[in-house]
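Please look over the structure shown below before reading the notes that follow it. They take up the sheet, a helix, the charged pairs, the nonpolar cores and the cysteines.

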Amino acid sequence: MKEKVFPDFDAAVRDIPGGATLMLGDFGGIGAPQNLIGALYRLGIGELTVISNEHGGTDGRVDVGTLIEAGRVKKIICSITAATHPSRVTPFVQRYNAGEIDAELAPQGTLAERIRAGGAGIGAFFTPTGAGTEIAAGKECRNIGGRRYLLEYPLKADFALIRAWQADTAGNLRFRLAQRNFNAIMAMAAGVTIVEVENPVVAAGELDPDDIHVPGVYVNRIVEIPSDRMFLREGSLL
């Protein structure tokens, strides 16, 4: 079996090319792969298409907004495009208003299901969410059981950067709290899945098989987070 444990974050992302499509796990700041995003920032590539639940905040935390502010992202597919408060203008809002980034809005449940469909090999699915709204523009609509449904297509990515609570050397993963909301499905929908892990990586077989959230077959690279790198701010990027 090919070694999955990498020595550091920069080594784990080194072959990601400019123009790649990335999935970045996040949910209100919990589960964001901050260290891998920081390594991607240092790599210096651009023209990225990002699939993420959020577009980044204004609190200085390392997240997808760090890449957007640096001009590295050409398009984002996400479920939240507005700032949480009008006075807190995010880097995404600034660049979108200036015509410097493209965005595709997907309702949160639809986004999750499109990602899950990408990992499960589902060709498309119908959902009532968004029918009769601007979300439906240009999409196939169908009446099913007396209700309007939209046809949605799966999402896949070249790379997924995610964060997990525990992992073993075979790549089996466990998540904690809201980490599980998007990280698990993103791990299954990418060509290469790269994981930063909060706890020491254990030997294969040490995690209870009945308590595995993502099996190692979906995971390609693992990096253990040093204790002093658990929570990052922009000053920690370099």
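Two strands are taken to pair if DSSP finds at least two bridges between them. With that in mind, in this predicted model the bridge partner of E196 in strand β12 is V223, while on another strand, β8, R163 stands opposite E196 of β11. The points below start from the sheet to which these strands belong and then turn to the packing and the charged side chains.

**The sheet**

- Seven strands form an open sheet with parallel pairing, and their order across the sheet is β4-β3-β2-β1-β8-β11-β12.
- The edges of this sheet are formed by β4, residues 102-105, and β12, residues 221-224, each of which pairs on one side only.
- From one strand to the next, the twist averages 20 degrees.
- Strand β1, residues 21-24, pairs in the parallel sense with strand β2, residues 48-51, over three bridges, and within this pairing T21 stands opposite T49 of β2.
- Strand β8, residues 157-164, runs parallel to β11 and is joined to it by seven bridges, whereas β11 and β12, which also run parallel, are joined by four bridges.
- Strand β11 covers residues 190-197 and is mostly covered, with seven of its eight residues buried.

**Helix α2 and its surroundings**

- Helix α2, which spans residues 34-43, is likewise mostly covered, since seven of its ten residues count as buried under the cut-off of under 20% relative accessible area.
- The buried residues of this helix are Q34, N35, L36, I37, G38, A39 and L40.
- These buried residues of α2 pack against the helices α1 (9-13) and α3 (64-69), and also against the strands β1, β2, β8 and β11.
- Just after α2 comes G44, which takes a positive phi of about 85 degrees.

**Nonpolar cores**

- The largest nonpolar core has 31 residues, and those with the most contacts inside it are I16, L22, L24, L40, I76 and I194.
- Helix α2 gives the most to this core, contributing four residues.
- When its neighbours within four places in sequence are left aside, I194 is in contact with A12, V13, I16, L36, F159, A160, L161, I162 and R221.
- A second core, separate from the one just described, has 26 residues and includes L111, A164, M186 and I222.

**Charged pairs**

- Side chains of opposite charge can pair when their charged atoms come close.
- The count of salt bridges in the model comes to 13, and the pairs described below are among them.
- R163 forms a salt bridge with E196, in which the closest N and O atoms are 2.9 Å apart.
- This pair links distant parts of the chain, with R163 in strand β8 and E196 in strand β11, 33 residues apart.
- Which class of exposure do the two partners, R163 and E196, fall into? R163 counts as buried because its relative accessibility is 3%, and E196 is buried as well, with a relative accessible area of 0%.
- R163 also meets the side chain of E198 in a salt bridge, at 3.0 Å from N to O.
- That second pair again links distant parts of the chain, as E198 lies in the loop between β11 and β12 and R163 lies in strand β8, 35 residues apart.
- Unlike the buried R163, E198 counts as partly exposed, because its relative accessibility is 24%.
- A further salt bridge joins R95 to E100, with the closest N and O atoms 2.8 Å apart.
- Both partners count as partly exposed, R95 because its relative accessibility is 22%, and E100 because its relative accessibility is 46%.
- D26, R61 and D63 are linked in a network of salt bridges.

**Cysteines**

- How many disulfides does the model contain? The count comes to zero.
- C78 counts as buried because its relative accessibility is 0%, whereas C141, at 30% relative accessibility, counts as partly exposed.

Conventions. Residues are numbered from 1 along each chain as its sequence is written. This is a predicted model: local features need pLDDT of at least 70, side-chain atom pairs count only at pLDDT 80 or more; totals for chains, interfaces and linings use all residues. Side-chain values use heavy atoms; hydrogens and water are left out. Helices (H or I, at least four residues) and strands (E, at least two) are DSSP runs, numbered from the N terminus. Axes are lines fitted to C-alpha atoms, for helices over the stretch in contact, and angles run from 0 to 180 degrees between N-to-C directions. Buried means under 20% relative accessible area, exposed over 50%, partly exposed in between (1.4 Å probe, protein chains only). Contact means heavy atoms within 4.5 Å. A salt bridge is a side-chain nitrogen of Lys or Arg within 4 Å of a carboxyl oxygen of Asp or Glu. A nonpolar core is a set of buried Ala, Val, Leu, Ile, Met, Phe, Trp, Tyr and Cys residues joined through side-chain atoms within 4.5 Å. A disulfide is a pair of cysteine sulfur atoms within 2.5 Å.
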